Amino acid sequence: TIDGCEHGTHVAGIAAGKGDAFSGVAKEASVIAVQVFSEFTLIEECGETVPCGRTFRDDYNQGLSHVYGLRGNHAIASVNMSLGSGLYSDQSLCDSDRASTKAQIDLLRSAGIATVVASGNEGYVNALSGPACVSTAISVGATWDVSGWKLDCDTDLSVVDKVACFSN
């Protein structure tokens, strides 16, 4: 298996899972999966775990364009992008550096489709990963839903609804 490939399935379950004991946030929703990742096999590209999945900006921009093209045949409320790279504390720099992605997000927005992007997991309080940093994207981070947990990045025990220490 490729490290990280289960993440999209997990996020889809949080969004649209429907079960007897637990359901997702929008349990009546459908999911359209769009593959934007490639397999990387070098430790210099992956870090500790090889092989790994990574994405190129052009690939996820094409994925956004593909979703825009599906809007006539499907009622699409939002796009989820649980990916990111880089850190931006200046939103105008982000918009400039990621102009091609901003253009795709703006196009989706003009069609009433929200683009929701993971803020990143580096624990920064003054920066977001790209493309969450794009001014017209909706960035989302992690919060605790259970109190009493403690991770290496915590200075105290977790508190319900508090931003998790690892989340940007």
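A residue is called buried when its relative accessible area is under 20%, exposed when that area is over 50%, and partly exposed in between, with a 1.4 Å probe and protein chains only. By this rule, both C94 and C133 are buried, and the two cysteines will return below as bonded partners. The structure is a predicted model, in which local features need pLDDT of at least 70 and side-chain atom pairs count only at pLDDT 80 or more, while totals for chains, interfaces and linings use all residues. Residues are numbered from 1 along each chain as its sequence is written, and side-chain values use heavy atoms, with hydrogens and water left out.

A good place to begin is helix α5, which covers residues 99-110. Helices (H or I, at least four residues) and strands (E, at least two) are DSSP runs, numbered from the N terminus. The expected span of a helix is 1.5 Å times one less than its number of residues. For the 12 residues of α5 this gives 16 Å, and the C-alpha atoms at its ends are indeed 16 Å apart, so expectation and model agree. The buried residues in α5 are T101, K102, Q104, I105 and L108. Viewed down the helix axis, these buried residues fall within an arc of 160 degrees, so they line one face of α5; the arc is that of the directions from the helix axis to the C-beta atoms. Their cover includes α3 (57-70), β3 (78-81), α4 (91-97) and β5 (114-118). After α5 comes G112, with a positive phi near 80 degrees.

One residue of this helix can be followed in detail. T101, in α5, is buried, with a relative accessible area of 0%. Contact means heavy atoms within 4.5 Å. Leaving aside residues up to four places away in sequence, T101 touches R57, Y60, N61, L64 and P131. T101 and S65 are 36 residues apart in sequence, and their C-alpha atoms lie 9.8 Å apart in space.

P131, one of the contacts of T101, is found in the loop between β6 and β7. A cis peptide bond joins G130 to P131, with omega at about 10 degrees. Another cis peptide bond joins V50 and P51, where omega is about -5 degrees. P51 sits in the loop between α2 (43-46) and β2 (52-55).

Attention now turns to the cysteines. A disulfide is a covalent bond between the sulfur atoms of two cysteines. For detection, a pair of cysteine sulfur atoms within 2.5 Å is taken as a disulfide, and a search of the whole structure finds 3 of them. With the bonded cysteines of the protein chain numbered in sequence order, the pairing reads 1-2, 3-4, 5-6.

C46 and C52 form a disulfide with their sulfur atoms 2.1 Å apart. The torsion about this S-S bond is about -80 degrees, so the disulfide of C46 and C52 is left-handed. C46 counts as buried at 10% relative accessibility, and C52 is buried at 1%.

The disulfide of C94 and C133 has an S to S distance of 2.0 Å. Its torsion is about 70 degrees, so this link is right-handed. C94 lies in helix α4 and C133 in the loop between β6 (128-130) and β7 (138-140), so the pair ties together parts that are 39 residues apart in sequence.

C153 and C165 also form a disulfide, with 1.9 Å between their sulfur atoms. With 50 degrees about the S-S bond, this link is right-handed. C153 and C165 both lie in the segment after β7, so the bond ties together parts 12 residues apart in sequence. C153 counts as partly exposed, at 38% relative accessibility.

The segment after β7 also holds D161. D161 has a positive phi of about 70 degrees although it is not a glycine. At 64% relative accessibility, D161 counts as exposed.

S119, in the loop between β5 and β6, counts as buried at 2% relative accessibility. Which residues does S119 touch, not counting those up to four places away in sequence? They are L128, S129, A132, S139, V140, G141, S167 and N168.
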